[in-house]
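Subject: Structure handover and findings

Hello,

The structure we discussed is below, with the sequence. My notes on what turned up in it follow directly after.

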Amino acid sequence: MKGVSFLATVAILALASSFVSAYDPSPLQDFCVAINDIKSGVFVNGKFCKDPAMVSANDFFFSGLNIPGNTGNKVGSNVTLVNVDKLPGLNTLGISLARLDFAPYGLNPPHTHPRGTELFGETAALAFAGLSSQNPGVITIANAVFGSVPPINLDVLIKAFQLDKNVVEYLQKAFTPN
Ligand SMILES: *[C@@H]1O[C@H](CO)[C@@H](O)[C@H](O)[C@H]1NC(C)=O
């Protein structure tokens, strides 16, 4: 008898369950061109949507990716980022891209993108990156650690990085924005 009720319970549970899968919902609209006018009233993914009747091809156009950025700076590189702020048609589409130019021995300093993962392809002096966010953000490690305003406590940096006080002060001076 016990076995029968156990089987019945399992059968009922099996009937009550179904296969499920979870994923981000697809956008319900084909596009939602970002607009700064809050009176537009349609708010998706952090930006207001332009009235679809007013959308034009230009909202999906960015020119200038063919132009090298100026690499005459301390790190010898230049990032031309095309995110939702530059190309409003990217709003809600979850992508952006960047052109990176490098001077000889130039580099793109270690950084993270808090809201995106990055796919990177490069040649000798030029690289392109695709990012999984319309606005991936960037945190450049050295600037965030040594150039934060207000600064991170000197003793913390000395111990955390096992550095001499003079070295930390030197780095803070180098990275703190003027
Ligand atoms: C990148 O290049 C552009 C265009 O030449 C320039 O305006 C900008 O200041 C450069 N950025 C850096 C960080 O050097």
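Tyr105 sits in the loop between S5 and strand S6 (111-112); helices (DSSP H or I, at least four residues) and strands (E, at least two) are DSSP runs numbered from the N terminus. Tyr105 is not a glycine, yet its phi is positive at about 65°. With 87% relative accessibility, Tyr105 counts as exposed, where exposed means over 50% relative accessible area, buried under 20% and partly exposed in between, using a 1.4 Å probe and protein chains only.

Before the rest, the ground rules. This is a predicted model, in which local features need pLDDT of at least 70 and side-chain atom pairs count only at pLDDT 80 or more, while totals for chains, interfaces and linings use all residues. Residues are numbered from 1 along each chain as its sequence is written, and side-chain values use heavy atoms, with hydrogens and water left out.

Ligand site

The residues around the ligand are Gly69, Asn70, Asn73 and Asn78, a residue being counted if one of its heavy atoms lies within 4 Å of the molecule. By class, this shell has four polar residues, no nonpolar ones and no charged ones. In that scheme Ala, Val, Leu, Ile, Met, Phe, Trp, Tyr, Cys and Pro are nonpolar, Asp, Glu, Lys and Arg are charged, and the others, Gly among them, are polar.

Three polar contacts to ligand oxygen atoms are listed here; a polar contact is a pair of N or O atoms within 3.5 Å, and within protein one must be able to donate a hydrogen and the other to accept it, with residues adjacent in sequence counting only if both atoms are side-chain atoms.

- Asn70: a backbone N or O atom at 2.9 Å from a ligand oxygen.
- Asn73: a polar side-chain atom at 2.7 Å from a ligand oxygen.
- Asn78: a polar side-chain atom at 2.3 Å from a ligand oxygen.

On its own the ligand has 360 Å² of accessible area, of which the protein covers 36%; the areas come from the Shrake-Rupley method with a 1.4 Å probe, and for residues only the protein chains shown count as cover.

Asn78 also has a polar side-chain atom 2.7 Å from the backbone oxygen of Asn70. Leaving aside neighbours within four places in sequence, Asn78 is in contact (heavy atoms within 4.5 Å) with Gly69, Asn70, Thr71, Arg99, Leu100 and Asp101.

Strand S4 and the loop after it

Asn78 lies in strand S4, as does Thr80. Thr80 counts as buried at 18% relative accessibility, and what it touches beyond four places in sequence is Leu65, Leu97, Ala98 and Arg99.

Leu81 is in S4 (residues 77-82) too, but counts as partly exposed at 26% relative accessibility. With the same sequence exclusion, Leu81 touches Lys86, Leu97, Ala98 and Leu131. The C-alpha atoms of Leu81 and Ser96 are 7.8 Å apart, with the two positions 15 residues apart in sequence numbering.

Leu87 belongs to the loop between S4 and strand S5 (96-102). It is buried, at a relative accessible area of 10%, and beyond four places in sequence it touches Asp59, Phe60, Phe61, Phe62 and Val82.

Helices H2 to H4

Pro150, in the loop between H2 and H3, follows a cis peptide bond from Val149, with omega near -5°. Asn153 caps the N-terminal end of H3, with a side-chain oxygen 2.8 Å from the backbone nitrogen of Asp155. After H3 comes Gln162, with a positive phi near 55°. Gln162 lies in the loop between H3 and H4 and is exposed, with a relative accessible area of 66%.

At the start of H4, a side-chain oxygen of Asp164 comes to within 3.1 Å of the backbone nitrogen of Asn166. Which residues of H4 (165-175) are buried? They are Val168, Leu171 and Gln172. Seen down the helix axis, these buried residues fall within an arc of 100°, so they line one face of H4; the arc is that of the directions from the axis to the C-beta atoms. An α-helix has 3.6 residues a turn, so residues three or four places apart point the same way. The cover over the buried residues of H4 includes helix H2 (141-146) and helix H3 (154-161). On the other side of H4, Asn166, Tyr170 and Lys173 are exposed.

Regards
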